[in-house]
Amino acid sequence: MSQAAELTMEKHYDPIGSRIGMWLFLFTEFLLFGGLFLLYAIYLNKYPEEFHYGSSQLDQFVGAMNTIILLTSSLTMVLAVGALQRDRRKLSIFFLVTTFTFGAAFLINKYFEWGHKIELGIYPGSQELTQHPQGEIVFYGLYYAMTGLHGLHVIIGMVIMLFLLYFLLKKSHRALSIKSNQIQNLNGKRLLLSDETGKKLWKSQEITSEVTGMDVVVKGVFTEEQLKSSEVKLENSGLYWHLVDIIWIFLFPLFYLVSM
Amino acid sequence: MSDSVAGSLAAEKNFYQEKTHKGILAWLLSTDHKRIGIMYLFSMLTFFLIAVFLGFLMRLEMLTPGETVMGAHTYNSIFTLHGVLMIFLFIIPGIPAAFGNFMLPLQIGARDVAFPRLNLLSYWFYLTGAILALLSLFTGPGPADTGWTFYAPYSLRTGTNVALAVMAAFILGFSSILTGLNFITTMHRLRAPGMSFFKMPLFCWSLYATGWIQILATPILGITLALVLMERWLGIGVFDPVKGGDPVLYQHLFWIYSHPAVYIMILPAMGILSDIIPTFARRTIFGYKAIAFSSLAIAFVGYLVWGHHMFTSGISDTSRMAFSFLTFLVAIPSAIKVFNWLATLYKGSIDVTPPFLYGISFIILFSIGGLTGLILGALATDIHVHDTYFVVAHFHYVMFGGTGFVFFAALHYWGPKMFGRMFNSKVSYIAWGFLFVGFNMLYFTMFVLGYMGMPRRYYDFLPEFHSLHVVATVGSWILIIGIIIMFVNLYRGFRYGPRATMNPWGGTTLEWKVPTPPPLENFDKIPEVKHEPYYHPRNQEERQ
Amino acid sequence: MSGASPTTGAVDSVFIFIVAISLFFLVLITFLMIYFIIKYNKKRHAKAEDIHGNTTLEIIWTVIPTIIVLFMFYFGWKGFEFIRNAPEDSMEVSVTARMWSWLFEYPNGVETDTLYVPVNTPIKLLLNSQDVIHSFYVPAFRIKEDAVPGLQNYLWFEVSKIGEYDVLCAEYCGLQHAYMLTKVKAMPQEKFEEWYEQMRQETQSTYASSDSTQMSIEASPKTSMAGSRLVQTRGCMACHSTDGSKMIGPTFQGLFGREVVLIEDEKEITITADESYIRESIMQPNKKLVKGYNPLMPSQEGQLSDEELNAIVEYLKKL
Ligand code: HEA
Ligand code: HEA
Ligand code: CUA
Ligand SMILES: [Cu+2]
């Protein structure tokens, strides 16, 4: 008589751990920009007039548009996360794509804004800018550095969204492998796959001493944990996207509105 | 339940490792914390030996006035590279990345760190950064010559390969952040049942504090270095006085990171020492909580004292005063630790083994380094000794005398566990003698030189400093002899020595309760923790 | 306390105070450590005792060091206040640092590359830099302060003994950092007055003659002499040679009329060095770079008067 061996899945996915990790990471991102905000504050104090003048040269309308775009994208991101939590995978994908599109729109806007300034010869190291007062050189230096770095974050956020789309579209599968030294323990037994209610789904052949290793691959979306995993992934990317948004919320008044 | 094969199925991970890759890739692509730890150890040792050699060359140049073995330009590049390699590639990642990676999961009873793949990623970052740093040597207009501090505006003006060196430091910063984040999460989530925070070994506590510094401070360095790059490539002007920038701001940002970074270097060493002393004194640590909390105190107060590197840079008198005051406060937790270690020796049953000897040297050398730190922290005296060999002596005492000696201690202490073999203790004692004498001859001399007014980063010197420079250089030779003896001994031991037992030192923490060397996944069954970390059962029984 | 300057004593006494306490602790710690290791060696003391801690002790060794370091802080700060606050009646000399030399400018317009001072008179130095950060350091006086471009720092001292004292640059500033040396020369009050007056007259007479327009032919040997002195005091010789050897910058030898390859906005252009080019090279050196050199030369804009610039150009033309 062979006996079924029980395969307890090692609990190796830890959603709380992932969240802690993500929050710590977001914290480092805040600090990264924090350094820049500090610089901005100090130079604003040193060159108030030049900063006000520089700010008045930026296009408030484009800035405001971009603010609205990013805020809306944050909303669609929240909706994407919510949809997945309610198990509405398709809807979630839809909102994710929408968010991605908003991100792209933001970048296009930024591209034209920067392009215009560069056409006017106002960029770091340009002949034109060196003629301007020092405070303005610093203002534009910071403008390009900070919005540039922020733009980079938007791009990273979008790349992450692509990865997520891939995860959401992909059929999940799960692979277990049993090493040779553990096989010995299973000698004379069978592997058994059952669902929560205890219903037997599948049973393997008896494991004999000839078996030296085993891989079991199960396809399809099935475990709680699996779902949790993409949910937390999406949630964490959502957090990242909100960070991108929040940083912009600081950048916008600093660069576009100080002149008012 | 007895049929359960729990622990065998940490699914993808095994699959990933055992099936897919062989040979060197089985290392480079391994997410096993022990393999990553060992990879870090060997990479680090390589860069460390290069940097040691550069230090040796510098001493050779300083043996005589004028040009001896190299010109001024080479000298300037060499101390820069020596500093960059030592700081960013060796002593900052040093203990956490090598021993922390290997020991932390073992010590808290976990199978791995919280994010094994992130761990591997951070090693790759490390490797990339290291390769970039070395590339900066051979490409473009030659190695950077700015000092490891990259002070603007000189770093913006010089024609050398600063960009590559800065980029290297930037990437290494990322590696450091990921390690810190990983460790903190690991300690929050993966402690074995029964292991409360206050049952963790003190090494874990020190890694916890270090992790927070890595997270809190490194991003600032990242952005500062990124700005230097943008300055050099685009000329954005934020640090360039010609364009309206303020070079002193660069120093602020640099030290906001780099002061806390010195505690990244020392805290893990203090943690290891807090594990070693109870092991060889055969008794529990004195003042566990005091040591644990003082690590946290150092981590957070250390964040507020960066200005003490800038006492002569023209910051306001008020801020000089405030920074000096805070600097003195940060010295107190270190004092608390020193006194607790001493008290742990009291009424112990002390076994003077090589790890103990190397470890205990820390107390003397670090005290000298730390107490001279007080001279640097006092306003009046720092004005005089700032940027002189006094500072050079101070930081070699704390970094090398402190962290370096504990690093050696850790190699002796944990090496047998990691590599499964024993070294020859006698040779280790001899090596220690050379190291200790050579070290003090080399660096104590520098205190005197510094107080006499010998500035650092000087390629040449005035005649009155000559005799002391000779003493220092001879000291460096003795030191190097010690290093060579020690490494050869360790290498031979770990390669060909007798097999090490599971617990050669009678340690009480969890890493001594798994086989030597530890298997993949560490524990067959996650242990349940009942006692404080330094519980010596023998002491309890005999007392009853 | 005696010393080369009152600031010396102020620093040394703080130093001795901290060292004494440190030494006490160091000896205590080392002694206890060795004593415990011997007394509680496993040979003599086979059975260890677990002592988990003692709150009273913890408090003692937290509070005592705290008190001690507060004293250290206090004395450090008091000493600093002294070396920081220059007496009202100090003589002010402005100091310009640049790679890799010092320029001292006295209130009466005299410029030197060595600092001459009268003894027993407080001297306040106003520090400035033309290029990167330097640091003015006189070990004998225990004083140091950075010379930062775009910022004016200061320090003071008062020489008590006649003699010469080394001045070093303590902030790393590039290739010749170790050779950015000069001296403070302290002389008796009367001798200083004499020197001071003599220098003033010399300076004035040089330019007085080159000022007068009709004397251009006659003046030229004189301006040339002034030029050669200027390139010395202005530190040009740190980077340029007059004998054809290549240093940080191109040599001055045969500069006038030479073909020079320049880089402007990443493009190469070739020109012949004429007077206006030399002028521009001195006033805006980084606008067009000589090929193969780095943008290291400090701009002389606002540093050289028209006459001085003329004198230098005249001098360079002759080399
Ligand atoms: C491992 C690294 C490390 C550590 C732990 C420290 C620890 C300390 N450091 Fe150090 N330091 C550096 C690495 C480190 N430092 C480096 C690399 C530089 C130079 C960077 C550069 O410019 O290139 C530097 C420079 C530096 C300066 C700037 C000098 C200058 O450039 O002018 C100062 C000034 O305050 C300072 C102070 C201190 C103090 C007060 C401590 C304290 O934490 C020390 C505390 C320890 C003790 C006090 C000793 C133990 C206690 C006792 C023995 C009990 C008795 C104690 C009392 C009664 C108080 N350090
Ligand atoms: C960890 C840091 C570290 C270490 C170990 C050393 C080691 C040495 N240093 Fe280091 N040094 C620095 C960090 C370090 N240095 C820094 C940051 C600077 C400032 C750079 C700058 O100004 O920008 C500096 C500057 C500096 C100067 C001043 C240059 C100047 O200002 O002109 C000199 C001068 O002689 C010098 C000499 C030496 C020598 C001879 C050695 C050694 O060669 C002596 C021999 C040492 C050993 C042989 C072993 C030490 C072992 C360990 C620390 C741990 C071992 C661990 C493993 C093996 C994994 N160093
Ligand atoms: Cu000027 Cu160093
Ligand atoms: Cu510091």
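How far apart are the copper ion (ligand 4) and the iron atom of ligand 1? I started my notebook here, and the answer is 4.5 Å. A reminder to myself before going on: this is a predicted model.

**Entry 1: the copper site**

I looked up what holds the copper ion (ligand 4) and found three histidines of chain B. His259(B) gives its ND1 atom, while His308(B) and His309(B) each give NE2. The distances run from 1.8 to 2.1 Å. Along the sequence, I noted the donor spacing as H-x48-H-H.

Are His308(B) and His309(B) buried or exposed? I checked them one at a time. His308(B) has 14% relative accessibility, and the cut-off for buried is under 20%, so His308(B) counts as buried. His309(B) comes out at 21%, which makes this residue partly exposed.

**Entry 2: the iron side**

Next I turned to the iron atom of ligand 1. Which protein residue serves as its donor? I found a single one, His394(B), which reaches the iron through NE2 from 2.2 Å away. I then placed His394(B) on the chain: it belongs to helix α15 of chain B, residues 389–419. For the record, the copper ion (ligand 4) sits 4.5 Å from this iron atom.

**Entry 3: a helix pair in chain B**

I moved on to α12 (residues 317–345) and α13 (residues 354–377) of chain B. Their axes come within 11 Å and cross at roughly 155 degrees. Angles over 145 degrees count as roughly antiparallel, and therefore α12(B) and α13(B) are roughly antiparallel to each other. I also wrote down the handedness of their crossing, which is left-handed.

What kinds of residues make up the contact of α12(B) with α13(B)? By class I have 11 nonpolar, five polar and no charged residues. On the α12(B) side, the residues that meet α13(B) include Phe328(B), Val338(B), Trp341(B) and Leu345(B). From α13(B), the partners include Phe356(B), Ile360(B), Phe366(B) and Leu374(B). Among the polar members I noted Ser324(B) and Thr327(B) in α12(B), and Ser367(B) in α13(B).

The loop between these two helices holds Lys347(B), so I stopped there too. Lys347(B) has a positive phi of about 55 degrees, although it is not a glycine. With 24% relative accessibility, Lys347(B) counts as partly exposed.

**Entry 4: backbone oddments**

I went looking for cis peptide bonds and wrote down two. In chain B, the bond from Ala152(B) to Pro153(B) is cis, with omega near 0 degrees. Pro153(B) is in the loop between α6 (116–138) and α7 (154–157) of chain B.

In chain C, the bond from Met99(C) to Trp100(C) is cis as well, with omega near -15 degrees. No proline in that pair, please note: the residue after the bond is Trp100(C). I found Trp100(C) in the loop between β1 and β2 (101–105) of chain C.

Which phi value does Asn120(C) have? I read a positive phi of about 55 degrees, and this residue is not a glycine. Asn120(C) lies in the loop between β4 (115–118) and β5 (123–129) of chain C.

**Entry 5: Asn85(C)**

Last look of the day. Where is Asn85(C)? I located it in the loop between α2 (55–84) and β1 (91–98) of chain C. Its relative accessible area is 47%, so Asn85(C) is partly exposed. I also paired Asn85(C) with Leu155(C): they are 70 residues apart in sequence, yet 8.2 Å apart in space, C-alpha to C-alpha.

Conventions. Residues numbered from 1 in each chain as written. Chains lettered and ligands numbered in written order. Predicted model: local features only at pLDDT ≥ 70, side-chain atom pairs only at ≥ 80, totals over all residues. Heavy atoms only, no water. Axes fitted to C-alpha atoms, helices over the stretch in contact; angles between N-to-C directions. Helix = DSSP H or I, 4+ residues; strand = E, 2+ residues; numbered from the N terminus. Parallel < 35°, antiparallel > 145°, perpendicular 65-115°, else oblique. Left-handed = near helix turned anticlockwise from the far one by under 90°. Contact = heavy atoms within 4.5 Å. Donors = N, O, S within 2.8 Å, 3.2 Å for Na, K, Ca; no water. Buried < 20%, exposed > 50% of the residue type's maximum accessible area, 1.4 Å probe, protein only.
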